Amino acid sequence: MTILEAAAALRARKISSVELTQLSLQRMARLEPQLNAFITPTEDLAVERALRADDELARGIDLGPLHGIPIAFKDVFSTKDVRTTCGSKLFADYVPGRDAAVVEALLGGGAVMMGKLNMHELAYGITSNNPHFGAVRNPWDTRCIPGGSSGGAGAAVAAEMVFMAMGSDTGGSIRIPASFCGVAGLKPTSGRVSRYGVLPLDFSLDHMGPLARSVRDAAVTLNLIAGHDPRDDSSSLQPVRDYLPPPEADLTGVRIGLPENFFFERLDAAVDAAVRAMARVGESLGARVETIRVPDIAALNAVGRVILLSEASALMERHLAHREDFGADVLALLDQGRLIPATDYINAQRLRRFLIDEFRGVWKKVDCLFTAATPAAAPRIGQTSIEFDGVAEDVRLASTRLVRGINVLGAPALAMPCGFDAAGLPLGLQIVGRPFEEHLILRIGAALEDATQFHRRRPAGL
Amino acid sequence: MRDWKMLARALALDIPEPDLDKIKPALDALETSFRPLAANVPHLVEPAVVFSCPVEEAE
């Protein structure tokens, strides 16, 4: 069941919010010992809010499609009176006195918070193998990582413990778990969704967005969380619109770009085939598919790494005297950032502007790009490298290779399931759009979803 | 390639030597990919960082 289906059932009195919440709680009780998706479940708050939602709906007070729907938040989002750890020992006992802007918007829209989700420590990594709160496991195969850093979000949505989970994405942290867990994940345009009240990893590249069971569920969530927020300096004044795609989305006239360079290099054969098959589905729905040469994505990735390493280390430097408080992988990244000179950081920010300008040429030729979200399906927990064409590549670098550069551009990007590999693990498509054209990539995603129904498949063992 | 250990000492960073050995390959790889890019940024390009100043309220 999706958010829109549950919302319709709630209004038709076929189910109550309390029943939806109890179903979520039952799944959490049964699956959490295997998946470890939550750091702080908030059962009592959830039942209390669900009771209120049922009462409000019965009295004709309708706060919108998320009213009475069980959701959860990655543990980077400040939640008033509920601890917010950022997956870190540093914040293990931190209890905010206020809600993040996104939390305000979603709880204000009547959503039922089921808890705070596990994640990669400090949102700085892609395994969600958290040294302080334990490893999150992939519902499709518990021997595999769910991706990260929003790994608990991906796992909780895929396992149907919640309908939607809010994540954050600095170098792929929404799209990687969406890809590995077979759910929809939207990284909106920079400035589209407020960062107010989110524990930052970085200042230039952090984005907030939903992971959900369907593209339309991501869209209805965006409708609630998008918009200007004066409390966030980077928040855009660009007007919002209705992001929910029409029931039968048509792709006539849409120009899909298939990159001829970078994005189809070093891919698992199943991923390559699945992404190209989705382009053909798009074509069958009226879109025109064109091959296109894109600017230097390796350069975008290098720029993104310099910016992230520098900003994250600047942010965490005051804590680094206590090296024992960090996991080994995060500490290694923080150490790297301390050795990057200020001149390189400034030049990375200059290159960022230069590459954004270069990318404008792409958007004159096509309306979106189709790429893989990750070059392979989910790796095993503890796996350190993936082999492509006989050459081993570090798991973190491989998993971020196709997504990191999009954060540097600030462009919106949607990850969604596009098939399954021979082992039955989901594969992810990434649709990248022009800045502030979330409505278009969501429409394209919804049309593909309607045609393929990949989003209806759920992990068999659960 | 840069001498990361010397740089860490010059900056008085408290990074133990074995930890510096661990991060050297990643830093070397980044240096290899980033240095040629940094050397070729057109002169007039300014950083993408934008610092916005709050609008003053009218008296």
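Me: Helices (H or I, at least four residues) and strands (E, at least two) are DSSP runs, numbered from the N terminus. With that in mind, where does A:Asp250 lie?

Reply: This is a predicted model, and in it A:Asp250 is found in the loop that runs between α7 and β9 (255-259) of chain A.

Me: Is A:Asp250 buried, exposed or partly exposed?

Reply: The general idea is to count neighbours, with 20 or more other C-beta atoms within 10 Å making a residue buried and 12 or fewer making it exposed. A:Asp250 has 13 such atoms within 10 Å and is therefore partly exposed. Setting aside residues up to four places away in sequence, A:Asp250 touches A:Leu285 and A:Gly286, and its C-alpha atom is separated by 8.6 Å from that of A:Ala287, a residue 37 places away along the chain.

Me: How should I read a helix that is mostly covered, and which residues of α5(A) are buried?

Reply: One goes through the helix residue by residue, and for helix α5 (residues 151-158) of chain A the outcome is eight buried residues out of eight. They are A:Gly151, A:Gly152, A:Ala153, A:Gly154, A:Ala155, A:Ala156, A:Val157 and A:Ala158. After α5(A) comes A:Glu160, which has a positive phi, near 60 degrees.

Me: Turning to the sheet, in what order do the 11 strands of chain A stand?

Reply: A sheet is read from one edge to the other, and here the strands form an open sheet with mixed pairing, in the order β1-β3-β2-β6-β8-β7-β14-β15-β11-β9-β10 (chain A). Its edge strands, each paired on one side only, are β1 (38-41) and β10 (288-292) of chain A. Direction ignored, neighbouring strands of the sheet are turned against each other by 30 degrees on average. Helix α3 (residues 43-58) of chain A packs on this sheet, where it touches β1, β2 (70-74) and β3 (112-117) of chain A, and the direction of the helix makes about 160 degrees with that of β3(A).

Me: Which way do the residues of β7(A) point?

Reply: A strand is read by its two faces and by its partners on either side. In β7(A), A:Ala184 and A:Leu186 point one way while A:Gly185 and A:Lys187 point the other, and all of them are buried. Strand β7 (residues 184-187) of chain A pairs with strand β14 (residues 413-420) of chain A over three bridges in the antiparallel sense; there A:Lys187 stands opposite A:Ala413, and A:Leu186 has A:Leu414 as its bridge partner. Strand β8 (residues 207-212) of chain A also runs antiparallel to β7(A), joined to that strand by two bridges, with A:Ala212 of β8(A) opposite A:Ala184.

Me: How do I read a pair of packed helices, and at what angle do α2(A) and α3(A) pack?

Reply: The angle between the two directions comes first, and over 145 degrees it counts as roughly antiparallel. Helix α2 (residues 17-35) of chain A and α3(A) have axes 8 Å apart and pack at about 160 degrees, so they are roughly antiparallel to each other. Their crossing is right-handed. The contact brings together A:Ser17, A:Val18, A:Thr21 and A:Leu25 of α2(A) with residues of α3(A) that include A:Glu43, A:Ala46, A:Val47, A:Ala50 and A:Asp54. By class, the residues of this contact are seven nonpolar, two polar and two charged.

Me: Why are residues three or four places apart a recurring theme in such lists?

Reply: An α-helix has 3.6 residues a turn, so residues three or four places apart point the same way.

Me: At what angle do the axes of helix α7 and helix α14 of chain A cross?

Reply: The axes of helix α7 (residues 215-225) and helix α14 (residues 438-452), both of chain A, come within 8 Å and cross at roughly 155 degrees, and the two helices are therefore roughly antiparallel. The crossing of α7(A) and α14(A) is left-handed. Among the residues making the contact are A:Val215, A:Ala218 and A:Leu222 of α7(A), together with A:Glu438, A:Leu442 and A:Glu449 of α14(A). The contact divides into six nonpolar, one polar and three charged residues.

Me: Finally, how many residues does the contact take from chain A and from chain B?

Reply: An interface is read side by side, and this one takes 22 residues from chain A and 23 residues from chain B. On the side of chain A, the elements giving two or more residues are α9 (297-316), α10 (328-338) and α11 (342-365), and α11(A) supplies the largest share, 10 residues. That side of chain A has 10 nonpolar, four polar and eight charged residues. Chain B itself has two helices and zero strands, and 10% of its 59 residues are buried.

How values were computed. Residues are numbered from 1 along each chain as its sequence is written. Chains are lettered from A and ligands numbered from 1 in the order in which they are written. This is a predicted model: local features need pLDDT of at least 70, side-chain atom pairs count only at pLDDT 80 or more; totals for chains, interfaces and linings use all residues. Two residues are in contact if their C-beta atoms, placed from the backbone, lie within 7 Å. Ala, Val, Leu, Ile, Met, Phe, Trp, Tyr, Cys and Pro count as nonpolar, Asp, Glu, Lys and Arg as charged, and the others, Gly among them, as polar. Axes are lines fitted to C-alpha atoms, for helices over the stretch in contact, and angles run from 0 to 180 degrees between N-to-C directions. Angles under 35 degrees count as roughly parallel, over 145 as roughly antiparallel, 65 to 115 as roughly perpendicular and the rest as oblique. A crossing is left-handed if the near helix is turned anticlockwise from the far one by less than a right angle, and right-handed if clockwise. Two strands pair if DSSP finds at least two bridges between them.
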